[in-house]
Amino acid sequence: MPLKNKSTKPMTGHFGDDQYTFCSNCGKIIPNALSDTICAKCKKKAGLLKKSSVSVSKPSKIIDPKVVEERTSLKNWESYFPYLSIRPLQRKIMQAISQNEKNYKHFIVQAANGVGKTVSVLASILPLSYEKDKTIIYCCRTHQQMSRVIEELKMIKQLKPVSGIALRGRKELCLHPTIQRFALDPTNAADMCRYLKKEGKCKFFVNMGKKPKQEKMKEITHNQILDSLEILDIGKSLEMCPFEISKRIVSKAKVVAASYQYVFNPSIRDTLLQSLDKEIRDIILIVDEAHNLPSTAIDISSNTLTSYTLDHAQNEAMKYNTGEIYDLLEAMSSVLNEDTKELHVDEEVQINPSEYLKKVEKRAQQKIDDRSIQALERLGEYVKEFQASQNKAPLSYTSAVAKHLKQLIENQAKKSYAFFQTKTKFKSGETNSKLISLSLDPRTITKAIFDKTYLTVSLSGTLEPFEAYMSLVGISNSKSNILDLPSPYEKENHITLVIDKISSKLDDRTPETFLKMLEVINAVVNSTPKNVGIFCASYTIMKSLLDIGLERSLSKPLFIAHQGISSLENDELVNKFKKQSKKNGAALISVLGGRSSEGSDYPGAEMQSVVVVGIPYARPSPTIKASIEYLESQFPTKGREFGYNIPALTRASQAAGRPIRSLEDYAVIVLMDYRFIRHYYKKHLPNWLKENLHLVPAESNKLEEKMKEFFRYHSV
Ligand code: SF4
């Protein structure tokens with residue numbers, strides 16, 4: 001039985017008295033599953049299967065024998081390309097990289113979905129990585145994208161002896177029931193794991209040291225290309241820790257597919273490099289969906305402390321009788337609550353962090369220095385150890401406070417940081433005050449990586465303008481080669497219709513405008529045979545459309561991704577919406593930049609038309625103002641463009657591209673904001689989106705005519 005179970009049936013294992021079911025669709029472990037248990041993550045029904053035997057899955061496709069004949073004698077990238085026909089755009093990517101790798105250090109490739117970027121980049125980089133003894137780290141955003149890398153490597157392996165691995169975090173790969181049941185996040189899982197290993201309470205770790213099991217593991221994993229679910233299954237079958245297995249075999253892999261965190265989060269990167277036994281200069285870095293990198297880097301280096309955390313930390317200090325620490329925590333909480341007392345919910349105010357710290361010191365009657373942080377850290381460690389010894393999640397709120405306070409002190413005088421206080425509301429109605437340390441400069445995380453790695457390739461369908469991406473992540477112009485590929489799609493496969501005289505500008509948000517928007521959406525839904533996506537610039541706009549009766553007016557069922565929807569609820573909603581494409585179709589409404597408009601793909605009839613309602617500019621706020629001002633100081637005249645305009649247009653382009661995921665897909669893209677026709681906005685759209693673009697009046701039936709003609713052409 002292959003390890004990568006292509007069916008949706010889950011895989012199970014028995015360890016002592018514990019029984020687990022692994023959902024083979026998403027890999028989630030379901031403890032104590034019964035035959036009718038539903039996987040909480042992907043909603044597939046779990047059934048109990050026999051323990052699987054150990055083998056490694058085959059590639060989903062078998063290479064054409066003619067390719068083997070033709071390519072093996074060649075010396076360059078062509079010998080690594082596993083498909084018979086090399087499409088012109090794929091050839092361009094491979095030539096650009098393999099012929100210029102001596103002249104340039106950074107390659108920036110803008111190419112739409114369906115070009116076959118993954119295999120082209122791998123084929124051009126692999127010969128270089130062998131020649132120079134470098135390891136390739138392929139950074140992806142989703143597990144689906146990592147599996148794509150693994151699939152392509154399995155194809156290449158039929159031509160050349162390559163090895164590769166896709167990594168997942170400890171929390172996702174751990175087999176220990178306590179972590180599966182109680183760990184809240186990756187840090188929590190790491191703390192718990194450390195304790196269990198130290199106390200000899202994890203048999204999967206103990207088994208890692210047993211010779212016969214080690215031999216078996218080596219035999220199975222030797223020179224293999226392994227997806228993370230396959231490693232999970234190997235661990236399960238051998239009763240060894242899958243996370244430890246991946247750590248041990250990663251050093252043998254030529255290609256490592258991993259999330260951004262493995263490269264851009266300093267502590268995770270250090271651990272990975274240690275496992276690889278490599279320096280950062282020995283890495284060839286590929287960043288997939290690179291338009292996400294600036295915001296990911298900001299997220300990694302920013303931090304938020306809440307009054308909720310401070311209150312729970314006080315409870316810990318009280319419980320373990322540490323008076324001085326309690327006084328400090330009480331002062332931090334009281335000053336934060338006092339400062340935010342007059343704020344409305346979601347209102348933000350920029351603060352001077354040293355004034356906040358002075359007020360805290362005065363109230364606590366103690367100085368905040370390294371000694372106070374160490375005391376907080378010690379209490380945090382003690383709390384975690386104690387909880388772990390009680391088989392509880394080793395969670396300490398005091399540790400979270402120590403981490404934030406340390407960063408606050410370190411960054412308080414840096415121009416690249418700004419500090420804010422705000423207040424939010426829980427569902428219960430209680431308020432939660434927040435102290436935000438916001439990094440304003442992605443380069444603090446990315447620049448050193450781009451400077452030190454051997455070579456980098458940034459890939460995305462929406463990197464325009466390249467200057468913004470390169471400036472924000474710190475890529476030097478002189479060392480870069482930009483490849484902006486034309487649209488790979490047949491012109492007839494998509495049409496972009498910009499609706500005239502409607503916009504999401506504040507002044508234009510009148511009842512008349514929303515009625516016009518409603519009419520346009522109805523026209524799109526009526527003219528589309530199956531599913532339609534409606535992505536709004538903000539929740540306010542979405543609510544206004546719903547308030548004037550969008551749902552009642554539509555001829556198809558409407559699926560609504562409300563504000564605050566959880567990731568699980570959203571997945572469920574999107575799945576139900578997709579299923580409607582097999583019936584009479586439906587509409588899905590959500591916001592631009594949300595999970596449904598960026599994290600999901602809707603090929604074929606799952607989305608035949610998409611309506612982008614307005615331009616998703618961020619709400620004017622002190623954080624946005626601080627970001628624009630900082631970027632202006634770093635890149636004169638460009639602050640607003642880099643920090644405000646481009647992120648909004650990228651979000652719109654990303655949503656517009658949801659229905660077109662391959663060369664076979666076809667869709668109508670409706671941009672409901674006349675500003676998209678203007679030169680400035682248009683030039684920031686991807687090539688494919690602007691090549692067949694028309695302005696359509698909102699009031700006429702021109703829109704319906706064009707759409708019907710489009711779908712008639714495709715004989716739907
Ligand atoms: S060693 Fe592995 S299986 Fe054991 S607790 Fe840690 S991650 Fe989980």
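**Notebook: contacts, overall size, one sheet**

I started with the contacts: among those in the chain between residues at least 6 apart in sequence, 75% join residues at least 24 apart. Note to self: this is a predicted model.

Next I looked up the overall dimensions. The C-alpha atoms fill a box of roughly 75 × 70 × 60 Å along the principal axes. I checked the radius of gyration too: the chain has 27 Å, and since a compact globule with 716 residues would come out near 27 Å, the two agree. For burial I got 45% of the 716 residues counted as buried.

Then secondary structure. I find 31 helices and 22 strands in the chain.

I picked one sheet to go through. It is open, with 4 strands in the order 10-13-12-11 and antiparallel pairing. Strand 10 (303–306) and strand 11 (348–351) each have a single partner strand, so they stand at the edges and one side of each has no neighbour in the sheet. From one strand to the next I get an average twist of 25 degrees.

What packs on this sheet, touching strand 10 and strand 13 (431–439)? I found helix 15 (residues 307–319) there, its direction at about 60 degrees to that of strand 10. Helix 27 (residues 622–634) also turned up: I see it lying across strand 11, strand 12 and strand 13, at about 45 degrees to strand 11.

Last, I went back to the edge at strand 11. How many bridges join it to strand 12 (residues 417–425)? I count 4, with the two strands running antiparallel. Glu 348 is the residue I looked up here, and it stands opposite Thr 422 in strand 12.

Note on methods
Residues numbered from 1 in each chain as written. Predicted model: local features only at pLDDT ≥ 70, side-chain atom pairs only at ≥ 80, totals over all residues. Pairing = 2+ DSSP bridges. Axes fitted to C-alpha atoms, helices over the stretch in contact; angles between N-to-C directions. Contact = placed C-beta atoms within 7 Å. Rg over C-alpha atoms; globule rule 2.2 N^0.38 Å. Buried ≥ 20, exposed ≤ 12 C-beta atoms within 10 Å, placed from the backbone.
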